Amino acid sequence: MNISYKEGGLLVSLATTLGLFGWYFFEAFNGLQLAPDLPSFTKIIGLIVLLIVFESILQASIAVIFRSKVEDERDRLITRISYRNSYWIISGGVWFLLIQLILSEQFDYMSELVTPNGIFHFLLLTFLIAETTNFLTQLYHYRKGV
Amino acid sequence: MSQQKLADEIGVTRQTIIAIEKGKYSPSLEVAFKIADIFSVSVETIFEYK
């Protein structure tokens with residue numbers, strides 16, 4: 001299997017992001033609530049620090065293994081496509097939340113989602129889906145072509 | 001000429017050369033002309049439009 005430095009880095013980022021945020025969401029939604037309690041400040045900081053530490057160690061390992069870190073026109077094109085897809089996910093999530101805010105105000109519809117807890121977790125989930133879409137789009141185009 | 005050497009001469013990665021050879025990537029004009037220049041042939045000899 002011919003994996004480039006970029007693909008290796010993407011797989012590491014995908015695994016780290018899904019692993020850490022998946023663990024967080026599994027814990028947060030364990031009680032099957034639509035709007036779990038907000039995490040403590042230290043928990044959020046700890047999650048971010050863990051993400052940075054894991055990414056740094058694994059990306060450094062990838063750099064040692066592959067050595068070549070040239071980014072060429074194909075890499076830039078694939079990155080542009082993936083960021084565009086991520087943009088649509090984030091836009092969709094934000095618009096969905098905006099509409100829910102109005103609906104909950106007017107018709108008391110899904111009012112649990114528009115509490116601070118619900119908004120925090122929904123936006124975090126939207127970000128996670130966007131990041132995952134970013135990584136998967138790039139991996140798809142590196143394998144299938146562009 | 002090896003794929004790596006060709007990639008180094010053009011300024012792209014070896015994976016990009018592999019993708020071009022497999023038809024999974026259409027390079028820019030700049031890269032296409034550089035490839036043709038290295039092999040001293042015209043662009044039409046190496047690339048065809050499908």
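**Exercise 1. The interface**

How many residues of chain A are in contact with residues of chain B, and how many of chain B with chain A? Describe also the classes of residue on the chain A side.

*Solution.* The model is a predicted one. The predictor assigns the complex an ipTM of 0.87 and a pTM of 0.80. Step one is the count: 10 residues of chain A are in contact with 11 residues of chain B. Step two is the composition: the side of chain A that touches chain B has two nonpolar, four polar and four charged residues.

**Exercise 2. Confidence in chain B**

State the mean pLDDT of chain B, and identify the helices where confidence is lowest and highest.

*Solution.* Chain B has a mean pLDDT of 91, and 100% of its residues reach 70 or more. Within chain B, the lowest confidence falls in helix α4 (residues 43-46), with a mean of 91, and the highest in helix α3 (residues 29-38), at 94.

**Exercise 3. The largest nonpolar core**

Determine which residues form the largest nonpolar core and which element gives the most to this core.

*Solution.* Begin with the members, of which there are nine: Ala7(B), Ile10(B), Val12(B), Ile17(B), Ala19(B), Ile20(B), Tyr25(B), Val31(B) and Ile35(B). Next, assign them to elements: α1 (3-10), α2 (14-21) and α3 of chain B each give two or more residues to this core. The greatest share comes from α2(B), with three residues. Finally, examine one member, Ile35(B): apart from neighbours within four places in sequence, Ile35(B) is in contact with Ile10(B) and Ile46(B).

**Exercise 4. The environment of Arg14(B)**

Is Arg14(B) buried, exposed or partly exposed? Name the residues that Arg14(B) touches beyond four places in sequence.

*Solution.* Arg14(B) belongs to helix α2 of chain B. There are 18 other C-beta atoms within 10 Å of Arg14(B), and a residue needs 20 or more to be buried and 12 or fewer to be exposed; Arg14(B) is therefore partly exposed. Not counting residues up to four places away in sequence, Arg14(B) touches Gln3(B), Gln4(B) and Ala7(B). Arg14(B) and Pro27(B) are separated by 13 residues in sequence and by 13 Å in space, C-alpha to C-alpha.

**Exercise 5. Helices α3 and α4 of chain A**

Compare the end-to-end distance of α3(A) with its expected span, do likewise for α4(A), and list the buried residues of α3(A) and of α4(A).

*Solution.* Take α3(A) first. At 1.5 Å a residue, its 35 residues should span 51 Å; the end C-alpha atoms lie 50 Å apart, which agrees. Its buried residues are Arg74(A), Ile78(A) and Ser82(A). An α-helix has 3.6 residues a turn, so residues three or four places apart point the same way. The cover over the buried residues of α3(A) includes α4 of chain A and α2 of chain B. Just after α3(A), Asp108(A) has a positive phi of about 55 degrees.

Turn now to α4(A). This helix has 29 residues and reaches 41 Å from first C-alpha to last, close to the 42 Å expected at 1.5 Å a residue. Buried in α4(A) are Gly118(A), His121(A), Asn134(A), Phe135(A), Gln138(A) and Tyr142(A). Their cover includes α1 (5-28) and α3 of chain A. Gly145(A) follows α4(A), with a positive phi near 105 degrees.

**Exercise 6. The loop residue Ser111(A)**

Locate Ser111(A) and classify its exposure.

*Solution.* Ser111(A) sits in the loop between α3 (73-107) and α4 (116-144) of chain A. With 16 other C-beta atoms within 10 Å, Ser111(A) is partly exposed. Ser111(A) and Lys6(A) lie 105 residues apart in sequence and 43 Å apart in space, C-alpha to C-alpha.

Technical notes: Residues numbered from 1 in each chain as written. Chains lettered and ligands numbered in written order. Predicted model: local features only at pLDDT ≥ 70, side-chain atom pairs only at ≥ 80, totals over all residues. pLDDT = per-residue confidence, 0-100. Helix = DSSP H or I, 4+ residues; strand = E, 2+ residues; numbered from the N terminus. Contact = placed C-beta atoms within 7 Å. Nonpolar A, V, L, I, M, F, W, Y, C, P; charged D, E, K, R; others polar. Core = buried A, V, L, I, M, F, W, Y, C linked by C-beta atoms within 7 Å. Expected span 1.5 Å × (residues − 1).
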